[in-house]
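Subject: Handover of a structure

Dear colleague,

Please find the structure below, followed by an account of what was found in it. Kindly keep the sequence and the model open while you read.

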Amino acid sequence: MTRSTYRFVDMTIGPDPHGAPYAVRAICTTCGEQSPQPEPDQGPTGQHSQAQRWCRTHAAIDHPGGRHLHYTATVTFGWLITPAEDIGLAADEPALGHP
Ligand SMILES: [Zn+2]
């Protein structure tokens, strides 16, 4: 058995510039159909509006006599954790330059 010493390191969280882009989607809970993938350059407000327009169109035009009235909205985007100081490599990560 090995002994390890642990300590707390402050970390911040923020948008990940290399992570998943901000995306708002809506899914009809009646049939599972999903709103189109938004364009990243639409911005959050534009994406919310587009998803809500899709819900209204889906309920009123695509299924005017049906009961497609319930939706689940999802918002996805990447987050990045940044330690306030170097925390070293994980035990299962090879050191750079030393394969
Ligand atoms: Zn539907």
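Strand 2 (23-28) and strand 3 (71-76) pair in the antiparallel sense over six bridges. Two strands are said to pair if DSSP finds at least two bridges between them. Helices (H or I, at least four residues) and strands (E, at least two) are DSSP runs, numbered from the N terminus. Within this pairing, Val24 has Val75 in strand 3 as its bridge partner.

Two remarks on the source are needed here. This is a predicted model, in which local features need pLDDT of at least 70 and side-chain atom pairs count only at pLDDT 80 or more, while totals for chains, interfaces and linings use all residues. Residues are numbered from 1 along each chain as its sequence is written.

In a regular strand the side chains alternate between the two faces of the sheet. Strand 2 shows such an alternation: Val24, Ala26 and Cys28 point to one face and are buried, whereas Ala23, Arg25 and Ile27 point to the other and are not buried. A residue is called buried if 20 or more other C-beta atoms lie within 10 Å of its own, exposed if 12 or fewer, and partly exposed in between, with the C-beta atoms placed from the backbone.

Helix 1 comprises residues 43-62, which is 20 residues. From its first C-alpha to its last, helix 1 reaches 26 Å, close to the 28 Å expected at 1.5 Å a residue; the expected span is 1.5 Å times one less than the number of residues. Gln47, Ala51, Trp54 and His58 are the buried residues in helix 1. Seen down the helix axis, the buried residues fall within an arc of 55°, so they line one face of helix 1. The arc is taken over the directions from the helix axis to the C-beta atoms. On the other side of helix 1, the exposed residues are Thr45, Arg53, Arg56, Thr57, Ala60 and Ile61.

What do the buried residues of helix 1 pack against? They pack against strand 2 and strand 3. The largest nonpolar core has six residues in all: Val24, Ala26, Cys28, Ala51, Trp54 and Tyr71. Strand 2 and helix 1 each supply at least two residues of this core, and strand 2 gives the most, with three residues. A nonpolar core is a set of buried Ala, Val, Leu, Ile, Met, Phe, Trp, Tyr and Cys residues joined through C-beta atoms within 7 Å.

Three residues may serve as examples. Ala51, in helix 1, counts as buried because 22 C-beta neighbours lie inside 10 Å. Leaving aside neighbours within four places in sequence, Ala51 is in contact with Val24, Arg25, Ala26, Ser35 and Ala73, where contact requires that the two C-beta atoms, placed from the backbone, lie within 7 Å. Ala51 and Gly65 are 14 residues apart in sequence, and 21 Å apart in space from C-alpha to C-alpha.

Thr72, in strand 3, is exposed, with 10 other C-beta atoms within 10 Å. Apart from neighbours within four places in sequence, Thr72 is in contact with Ile27 and Thr29. The C-alpha atoms of Thr72 and Ala51 are separated by 10 Å, and the two residues are 21 residues apart along the chain.

Thr30 is placed in the loop between strand 2 and helix 1. Is Thr30 buried, exposed or partly exposed? Thr30 counts as partly exposed, because it has 15 C-beta neighbours inside 10 Å. Setting aside neighbours within four places in sequence, Thr30 is in contact with Arg67, His68 and His70. Thr30 and Gly66 are 36 residues apart along the chain, yet their C-alpha atoms are separated by 9.5 Å.

There is also a second antiparallel pairing to examine: strand 1 and strand 4 (residues 79-83) pair over five bridges. Gly14 has Leu80 in strand 4 as its bridge partner, and Ile13 has Ile81. Of the five residues of strand 1 (residues 11-15), the number buried is zero, so strand 1 lies largely in the open. Strand 4 is hardly covered either, with a count of zero buried among its five residues.

Finally, the UniProt annotation "domain: DUF7848", from an unreviewed entry, covers residues 1-85. UniProt positions are given in the numbering used here, feature names are shortened, and annotations may be inferred rather than shown by experiment. Over residues 1-85 the chain is 24% helix and 26% strand, and the end C-alpha atoms are 28 Å apart.

Yours sincerely
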